[in-house]
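Subject: Structure handover

Hello,

Here is the structure I promised to pass on. Please open it first, then read my notes below with the model beside you.

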Amino acid sequence: MKKRIAKYAYVAALAVLVGGASAASAQDKTFDLKISHWVPPSHPLQKALETWGASVEKESGGTIHYKVYPAQQLGKAFDHYDMARDGIADLTYINPGYQPGRFPIIGAGELPFLISNGKGGSQALDAWYRKYAEKEMKDVKFCLAFVHDPGTFHSKSKKIMAPDDIKGMKIRPAHATMATFVTQLGGTNVQSSAPEVRDILEKGVADAVTFPWGSIPLFGIDKVTKYHMEVPLYVTTFALVFNKDKYNQMSAKQKKVIDDHCTNEWALKVAGPWADFEHSGIAKLKAEGHDVYTISADQLAQWKKASEPLQKTWADGVKKAGGNPDSIMSELKAELAKFKSAY
């Protein structure tokens with residue numbers, strides 16, 4: 001009798017184990033992630049996102065597959081945040097500055113003469129922004145943030161040496177902060193996404209653009225510009241954001257895989273190759289015979305002085321959103337110093 005009871009107990013325990021394993025297996029269903037961005041497939045970001053996706057696939061034991069959709073295949077550059085929110089794509093690459101006023105806190109990273117390089121700057125921005133992303137980008141699961149290597153003015157017909165040179169010019173700004181800067185200096189903004197820049201310069205809709213260096217030849221802008229101010233003027237903030245519904249459908253194990261790929265270390269992995277690519281564009285444009293010129297210490301001081309009102313504009317936007325701009329900026333500067341990327 002005792003043997004029979006023990007046998008039944010063993011069978012029952014085995015059934016529970018098998019049932020539990022089946023449930024766990026059922027939770028780990030297969031997912032196909034759509035990863036969307038809006039730059040050309042030849043851009044360093046394409047390879048970085050492929051590396052990210054391949055690592056997720058491997059660490060998930062093959063239960064999370066991926067496909068990268070470049071060059072606005074799934075939607076316009078301006079729409080990528082909402083595409084992640086609405087599930088049109090599962091992971092998207094966004095430029096928060098494409099939507100002025102919507103993400104005021106991360107806009108701190110756009111201020112001129114603040115971030116000196118792309119690699120350390122990306123780690124600093126990511127580390128600093130994580131605690132604010134939950135509120136500011138609450139419609140999505142924030143993954144990571146980064147910046148490109150510093151960009152500058154690139155012009156068709158004249159050298160831009162001092163702030164007064166902007167007056168009367170039509171300029172395509174990189175983001176909302178540079179747009180405000182252009183307006184303050186007496187210029188006119190021409191809005192367009194990065195893939196459209198060459199066309200608006202070629203047609204005379206714009207006279208100049210603020211852009212990082214390596215992307216000038218990549219987008220064909222070197223064919224319609226000649227003068228390039230060699231000053232690390234500004235960076236652009238970017239983020240990768242994830243669709244919440246897709247994330248919530250995943251098992252605990254799969255969620256951990258995604259979490260392990262949404263880290264400060266991965267911010268550097270995504271940004272590093274791109275930073276090197278952009279920086280190499282300076283030498284490339286010089287080799288093409290472009291006029292890559294420097295400015296004097298006095299002219300640089302003029303630019304820095306002219307940019308000071310932008311800090312107040314940013315601070316006012318943060319206050320309106322309920323934040324404390326002084327403490328937020330102090331935290332960012334501390335991270336920039338930590339990662340050796342302060343201007």
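Start with the core. The largest nonpolar core in this predicted model holds 54 residues. The residues with the most contacts inside it are W128, Y129, M137, F153 and W303. Several elements feed this core. Helices α3 (80-86), α4 (118-136), α5, α11 and α12 each supply at least two of its residues. So much for the helices; strands β4 (141-147), β9 and β10 (237-242) also supply at least two each. Another core lies apart from this one. That other core has 49 residues, and L49, F146, F242 and W266 are among them. As background, nonpolar side chains tend to be buried together in soluble globular proteins.

The whole chain

Now step back. The chain has twelve helices and eleven strands. Its C-alpha trace spans about 100 × 40 × 30 Å along the principal axes. Of the 343 residues, 54% are buried. The accessible surface comes to about 15200 Å². Carbon and sulfur atoms account for 54% of that surface. Next, look at contacts between residues at least 6 apart in sequence. Among these, 77% join residues at least 24 apart.

Helix α11

Find residues 297-320. They form helix α11, which has 24 residues. From first C-alpha to last, α11 reaches 36 Å, close to the 34 Å expected. Where does α11 have its kink? Look at E308, shortly before the proline P309. The kink there is about 25 degrees. After the helix comes G322, with a positive phi near 90 degrees.

Which residues of α11 are buried? They are Q299, W303, A306, S307, L310, W314, A315 and V318. Their cover includes β5 (152-155), α5 (176-184), β9 (227-229) and α12 (325-338).

Take two of these buried residues in turn. W303 has a relative accessible area of 0%, so it is buried. Leaving out residues up to four places away in sequence, W303 touches F113, F153, I160, M161, A162, P163, I166, F181, L185, M229 and I295. S307 also lies in helix α11. At 5% relative accessibility, S307 is under the 20% cut-off and therefore counts as buried. With the same residues left out, S307 touches P112, F113 and F181.

Aromatic pairs

The count of aromatic pairs comes to 19. One of them joins W128 and Y132. Their rings are tilted: 6.0 Å centre to centre, with 50 degrees between the planes. Both residues sit in helix α4, four residues apart, which is about one turn of the helix. Both are buried.

F181 and W303 form an edge-to-face pair. Their ring centres are 6.1 Å apart, and the planes make 65 degrees. This pair links distant parts of the chain. F181 is in helix α5, W303 is in helix α11, and 122 residues separate them. Is F181 buried or exposed? F181 is buried, because its relative accessibility is 1%, under the 20% cut-off.

There is also a cluster of rings. Ring pairs link W38, F78, Y93, Y98, F146, F238 and W274. Try selecting these residues together on your screen.

Two backbone points

Two residues have a positive phi without being glycine. A71 has a phi of about 55 degrees. A71 is in the loop between β2 (64-69) and α3. How accessible is A71? Its relative accessibility is 39%, so A71 counts as partly exposed.

K340 is the other residue, and its phi is positive too, at about 55 degrees. K340 lies in the segment after α12. At 71% relative accessibility, K340 is over the 50% cut-off and so counts as exposed.

If you have time for one stop, pick W303. W303 is among the residues with the most contacts inside the largest nonpolar core. It lies in α11 and is buried. It also pairs edge-to-face with F181.

Best wishes

How values were computed:
Residues numbered from 1 in each chain as written. Predicted model: local features only at pLDDT ≥ 70, side-chain atom pairs only at ≥ 80, totals over all residues. Heavy atoms only, no water. Expected span 1.5 Å × (residues − 1). Bend = angle between axes of the 7 residues up to and from the residue. Buried < 20%, exposed > 50% of the residue type's maximum accessible area, 1.4 Å probe, protein only. Contact = heavy atoms within 4.5 Å. Core = buried A, V, L, I, M, F, W, Y, C linked by side-chain atoms within 4.5 Å. Areas by Shrake-Rupley, 256 points an atom, 1.4 Å probe, with all protein chains shown as cover. Phe/Tyr/Trp six-rings, centres within 6.5 Å; stacked < 30°, edge-to-face > 60°.
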